[in-house]
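Good morning, and thank you for joining. Please take a moment to look at the sequence and the model before we go through them together.

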Amino acid sequence: MSSRKPSRQSTKRKAASDAADSDSAKVEKKVRSCPKNTCPAKAPICFARVSSTCCGNGYTSRWYHITAGEHFCNECFEHFYRSHNVGYDIYANWKRLWSQYGNSDNGIKAYMCDQILPYWVQCNLCGKWRSVFRETEITTKFLKSYVCTKVLKHMSQEESCDTPEDFRVEMAKEIYFWPMHISCNQYLRNAVYAPYLRDFTQDSVGISPSDTSVHKFEEGIFEVRPYLQPFQYDSDSPALTFPPDHLSDEEQLYFPEFTGIYLRYYLMIRNTAVTLWCLDVKTYVTLELVMLHLNLRGLSRVWLTLHVERLLLYLTLKGHINVGILTPPKSASFIQDLEQEQKHPVVIVGGGIAGLTAARQLVNLGVQVQVIEAGPQLGGRAVDGEGSEFPSQAHMVIGCYNNPLVVMCKQTDIPVAELSESCVLLTESGEIIDDKIDKRMQFHFEAMLDINKQLCKDQEKDKSLLDQFRQLHSQFKDESGIRFSKLEEQLLEFHMSNLEFACGSRLSEVSALHWDQNDDLPQFSGPPITINGNFEKILASLAEGIDIVKNCPVTSIDYTGDVITVTGGSQQFQASKVVVCVPLSVLKDGEIKFTPALPEDKTISLGCGHVEKVMLKFDRAFWEGKVRGGAMFGCVSTTTGERTMFDVFYDISQKSQAMLCTYISGERVEKIRGQTDQQVVDACVQCLKNMFKDVPAPTQFFISRWYERPNVGMSFSYIPVGAGADAFANMEREVSEKLFFAGEATSGQFPQTLTGAYMSGLREAEKIYRSLGDIT
């Protein structure tokens, strides 16, 4: 058998033929574009690279579209789809886990997005985005330290940062283009809010159902930090909370584009931001901080950065994050500097909690501000005046979850104490009243108020709440045949006295139709607390760095022209806008002249309420033996048939200082006007002696007498008989986009509270910021 070597000539011909075939193949290389009509990728690249036959950037029988810059080939699809391939079992295990903790699509597209898509991270030096290996563990530590050389390891730092970004990054930065091409959701891993949303399916709140780190947390964790909880868990909608799995009605107005498949991206940002805030209210929430916790695969992470700052601004303006005494860091780039655009500052008349809140918020937002305070001291009714030496003003906060007052206490390290729900009731002679009797009468009392609410839906003519209650109570006795004992009747009087304190006025003057006009509005949830520290510390922090003029009572505001003139004594101030934050009594008494006069629809129909506070300090807590474990106790008259002067006492003791606080309301306020402080204290101590016998003389005392304090003259507002349901709305309404109004009397949602005053300051700051910055 013989063999013959090919001739040199035939070898040359074959080589030439092979070369020609190769050139022809290069020219005629087959490619397939993405089947999605609007996708710009004409020659996609497979990001998966899991199959040994992956086409890479070559030809495949079908491309699967994730986004405009992310596709995978049919070969990689088959790797997981076909039962004989090694990827099938991997996908099947993932699918079981996904179905257990999620409700969304569990197809191979979803698997690719959740497990195979590469991560994109931003260099901390040059800011360019780089793709990292899919196996990389993305942690906050990794993101904080990432630089380009971690991917481009063969280059120097300078060379790696000079290397251009992948062209697909620019596509992802097209804020309107990119979402049009998203065909499959990506989800977060290691979400910071995961422990607090265990009652929700993971994908419904933007968390990957395959993220098993969620399950390491214990059941029943709801508070992010004590008294801070940004999420709604049931049908109730407490103030400053969000439904974690959908947009609130207000959010839908501001972010209508985040619907359908895009909803999850919004939830990722919002839920992350509010949780980070609740975890640490001393740290400003910025884009950089949020992005450290947005751990999801794919180029959509680049697109998310375009929305974070817009959401942070919204959350800040609405008081959900970045509020209180904080000042923003320079990295808070979502804040505009509007000072250069202002010819004149925003002038805030009144340095109480509402005025200082508006000022702090506006300054933080880059607005030039000047505060004019009538007296020598900031704080208004939030402080007890220069005569008090008590370490606390004994402020009560009704509903502490997410309450901005609690937030500021945490920021300033002021302690708070939770009030017990129980209130031990004693007769004026010191006998403890059976709790069952009290609960029965409280139920009856609340039932009468509920009936009143139902009747008022069809009732047009107003009457006093006192008359309405007495009529309903009498009607109930006539129709039921039930007769109440003298003690039971006095317990009703006790509860009515408490209602007078809540309303700020005697019930004979309070509207039965509208006294509870805020009942259907979201309120702060959680137990009541007392602030056991000096509130002046919070006020000083709010005022820090703000231009404030003291001892300057404003007498006139002329808003005729574009520039507003504010006159106080011999001084004049020019303003672009004015926020009026004075007590209602100052406006009703006409102490400020407006030119032109306020329009007719700015009618002031609210009433000025009067409640006075009495604080006593003792050398020992003599009440603890009889009132065990209770932070408050009450005194019920059983002999005279009249209410006692002092009905509820609050234990505001701190460390070794034994202190009590009580309030005088209704007609009893008139009685103390002709008495000295010592006479009032003597009467209060006598009331305590009747109940506890062995009562020492107080070592210190304080009586507020707000009614006689200059530039105050009242405690808080109320809706009198005959005033309309829009009484608070009239007070809030701005005039000619020049005059704005804040304070508890403008807060229909949180009336008669420090919280309402604070929230009104934020509300008006938002209005002014949006008008100055032309922000929608």
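Before turning to the surface, I should state one term: a nonpolar patch is made of residues with over 30% relative accessible area and no salt bridge, the nonpolar side chains being joined within 5 Å. Please also keep in mind that this is a predicted model.

With that term in place, which residues make a nonpolar surface patch of about 300 Å²? They are Ile175, Tyr176 and Leu306. Leu306 belongs to helix α11, residues 300-317. Its relative accessibility is 32%, and Leu306 therefore counts as partly exposed.

Beyond α11, in the loop that leads from α11 to β5, we find Ile325. Is Ile325 buried or exposed? With a relative accessible area of 17%, Ile325 is buried, because the limit for that class is under 20%. Setting aside neighbours within four places in sequence, Ile325 is in contact with Arg360, Met408, Gln411, Thr412, Ile538, Ser541 and Leu542. Of these, Thr412 is 87 residues away from Ile325 along the chain, yet their C-alpha atoms are separated by 8.3 Å.

Let us move to the interior. In soluble globular proteins, nonpolar side chains tend to be buried together. Here the largest nonpolar core has 111 residues, and the members that touch the most others are Tyr193, Leu294, Ile348, Ile353 and Phe535. Helix α9, residues 263-279, gives the most to this core, with eleven residues. A second, separate core holds 38 residues, including Leu419, Leu466, Phe494 and Ala631. To return to Ile348, its contacts outside the four-place sequence window include Ala358, Val369, Ile372, Val579 and Cys581.

A strand comes next. How many of the seven residues of β18, which spans 612-618, are buried? Seven of the seven are. Both faces are covered: Glu612, Val614, Leu616 and Phe618 lie on one side, and Lys613, Met615 and Lys617 on the other. Strand β18 runs antiparallel to β21, residues 658-664, to which seven bridges join it, and Leu616 stands opposite Leu660 there. Four bridges join β18 to β22, residues 700-703, also in an antiparallel arrangement; in that pairing Met615 stands opposite Phe702.

Finally, the charged pairs. Side chains of opposite charge can pair when their charged atoms come close. A search of the whole structure finds 29 salt bridges, and I shall describe three of them.

In one, Arg440 pairs with Glu488, the closest N and O atoms being 2.8 Å apart. Arg440 lies in helix α14 and Glu488 in helix α16, so the pair ties together parts that are 48 residues apart in sequence. Arg440 is partly exposed, at 44% relative accessible area, whereas Glu488, at 10%, counts as buried.

In another, Arg668 meets Asp647, with 3.5 Å between the closest N and O atoms. Arg668 is in helix α19 and Asp647 in the loop between β19 and β20, 21 residues apart. Arg668 is buried at 5% relative accessibility, and Asp647 is buried at 7%.

The remaining example joins the side chains of Arg763 and Glu732, at 3.6 Å from N to O. This pair links helix α22, which holds Arg763, to helix α21, which holds Glu732. Glu732 counts as partly exposed, with 24% relative accessibility. Both residues also belong to a network of salt bridges that links Glu732, Glu734, Arg763, Glu764 and Lys767.

Note on methods. Residues numbered from 1 in each chain as written. Predicted model: local features only at pLDDT ≥ 70, side-chain atom pairs only at ≥ 80, totals over all residues. Heavy atoms only, no water. Core = buried A, V, L, I, M, F, W, Y, C linked by side-chain atoms within 4.5 Å. Buried < 20%, exposed > 50% of the residue type's maximum accessible area, 1.4 Å probe, protein only. Helix = DSSP H or I, 4+ residues; strand = E, 2+ residues; numbered from the N terminus. Contact = heavy atoms within 4.5 Å. Pairing = 2+ DSSP bridges. Patch = residues over 30% accessible without salt bridge, like charges linked within 9 Å, V, L, I, M, F, W, Y side chains within 5 Å. Areas by Shrake-Rupley, 256 points an atom, 1.4 Å probe, with all protein chains shown as cover. Salt bridge = Lys/Arg side-chain N within 4 Å of Asp/Glu carboxyl O.
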